[in-house]
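This report goes through one protein model, from single residues to a pocket and a helix pair. Keep the structure in view while reading.

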Amino acid sequence: GGKKEEEEEDKEDEVKEKIENLNLNDNHLEKKEDGDDDDNDNDNEEEEVKINASDAAAAGKKKKKKKKKKSSSGGNGVKYTPAGAAKEQTAPPTVPVIELFPNGFPEGEIQEYQDNNGKTSWRLDSEEKRELERLELDMYDNARQCAEVHREVRKYIQEWVKPGMKMIDVCETLENSVRKLLNAKGLECGVAFPTGCSQNHIAAHWTPNGGDETIIDVNDVIKFDFGTQINGRIIDCAFTKTFVPDYDELLLAVKEATDEGIKQSGIDVRLCDIGEAIQEVMESHSVDIRGKQFEVKCCRNLNGHSIAPYQIHAGKSVPIVKGGEATKMEEGEFYAIETFGSTGEGYVREAGECSHYMKNFDVGHVPLRLPTAKKLLNTIQREFGTLAFCRRYLDRIGETRYLGALKNLVSNGIIAEYPPLVDKTGSYVAQYEHTILLRPTRKEVLTRGDDY
């Protein structure tokens, strides 16, 4: 009797292992079963393991429990511990980053300012400049918290997104992850602007509107551009996702150009000099995509930009080609350094259905006759202020039949619309972007990660 019970227990354990393996990786099941047979040769080396009817019933029960456990843990991926964190993050990410970093958030990548002779600037040793930084520590920590959220969310998206997924599902997963990790609370903290997920020749400002059925294709080149904010302090950062190696050279060109722009940035640096350096690096690359040769071109009418509280474009533009303004960067400023490399014309135009909108930052009182427009404006001011939003965000808060009112707000100059920006059809555009802070003593690349 004892031996029979042991055999039954062994078989039950094997069933449990099989089902767990099924949940983790269906393709790995056969290999795992063979290993299980070897592991049980202490009980009966000659016995062939079979799942009978009662085993199958038990398997169904075990599988249900496993699914429930996965759902409650908030992930269909592997948990991990971000660098310097006190606890694990789930996949998809659900744990607020304040719980992972209770004692403050990690600095970004530090780059020293250089003087004209290539030596470290005097700023690093200035006690006056150090004191200025100490006065801003709380603000720096908010910016670093937003950057940490960006790193953790994009890590998951890069690993999880696959061809065949609906773009709208990917965007909503990404945005909901941001909200959870920041404990989103209205205008105080949360998503900074709609997730850009522009495909192929579309360079920027495309996100799915409600009901959009766009499916990700294996040959897509997708620019994921999303932002986070606390008290209006915006982090703006983007990467390009592909699924085949055909575009690796294009992505490398854009990464290197963005890194060059960051390297050249600094206090009292002229914006035009940064653009010239970016173009030189970007356009030194030629790429082969499926047997065709292309010279990589900068999208000359797209720019990086300064960032201010609740103002994503704060007035200064960082060109990505030579010939821009001689305006200088200044101490304490935040910049989004972004570059776009294209196999097309290197020039973008507005085209397609609009999804992105934003209240004009400096607009004063404008009398409105349309009651629905007044009502919608009140909603926009309450929910988004001067942060960018999209139609999906209006759907999410319960707004319906708002297109007429939205059009009225646009025609009155209160709301600006930002249609998709596209290069020629059939071309491919890649993008990389980081947010940098020109601290008084040195430069901090807030959004730098292990990925880019």
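## Report on selected features

T447 is placed in the segment after β18 (443-445). The model described here is predicted. With a relative accessibility of 0%, T447 counts as buried, because buried means under 20%. Apart from its neighbours within four places in sequence, T447 is in contact with A147, R151, R154, I235, C237, H434 and T435. The C-alpha atom of T447 is also separated by 8.4 Å from that of D236, although the two residues are 211 apart along the chain.

E433 belongs to strand β17 (residues 429-438). Its relative accessible area is 0%, so E433 is buried. Between the C-alpha atoms of E433 and E338 there are 4.0 Å in space, while 95 residues separate the two in sequence. Not counting residues up to four places away in sequence, E433 touches D225, D236, C237, A238, T258, H305, A336, I337, E338 and Y452.

Next comes the pocket. Rolling a probe the size of a water molecule over the atoms shows where empty space is left. The largest pocket has a volume of about 580 Å³. It is lined by 31 residues, and the closest to its centre are A204, H205, H305, H313 and E338. Two of these names, H305 and E338, have already appeared among the residues touched by E433. Which strand gives the most to the lining of the largest pocket? The answer is β2, with four residues. At least two lining residues come from each of β2 (189-199), β3 (202-204), β4 (222-230), β9 (304-307), β11 (334-342) and β13 (356-359). Sorted by class, the lining holds 13 nonpolar, twelve polar and six charged residues.

Two packed helices are described by the angle between their axes and the distance between the axes. Helix α7 (residues 137-160) packs with helix α8 (residues 167-182) at an angle of about 145°, and their axes are 10 Å apart. The crossing of α7 and α8 is right-handed. On the α7 side, the contact is made by Q145, V149, E152, V153, Y156, I157 and W160. On the α8 side, D169, V170, T173, L174, S177, V178, L181 and L182 take part. By class, the residues of this contact are ten nonpolar, three polar and two charged.

Some loop residues remain. E399 is placed in the loop between α12 (391-396) and α13 (403-411). Is E399 buried or exposed? E399 counts as buried, because its relative accessibility is 15%. Leaving out residues up to four places away in sequence, E399 touches K375, L376, T379 and L394.

P92 is in the loop between α4 (53-73) and α5 (97-100). The peptide bond from A91 to P92 is cis, with omega near 0°.

The table sets out two residues that are not glycine and have a positive phi.

| Residue | Phi | Loop | Relative accessibility |
|---|---|---|---|
| N231 | near 50° | between β4 and β5 (233-241) | 44%, partly exposed |
| Y310 | about 60° | between β9 and β10 (317-318) | 24%, partly exposed |

N231 counts as partly exposed because 44% lies between the limits of 20% and 50%. Y310, at 24%, also counts as partly exposed.

Methods
Residues numbered from 1 in each chain as written. Predicted model: local features only at pLDDT ≥ 70, side-chain atom pairs only at ≥ 80, totals over all residues. Heavy atoms only, no water. Buried < 20%, exposed > 50% of the residue type's maximum accessible area, 1.4 Å probe, protein only. Contact = heavy atoms within 4.5 Å. 1 Å grid on protein atoms, 1.4 Å probe; cavity = no way out; pocket = protein on both sides within 12 Å on 5 of 7 lines; lining within 4 Å. Points joined across faces, edges and corners; volume = space filled by probe spheres on them. Nonpolar A, V, L, I, M, F, W, Y, C, P; charged D, E, K, R; others polar. Axes fitted to C-alpha atoms, helices over the stretch in contact; angles between N-to-C directions. Left-handed = near helix turned anticlockwise from the far one by under 90°.
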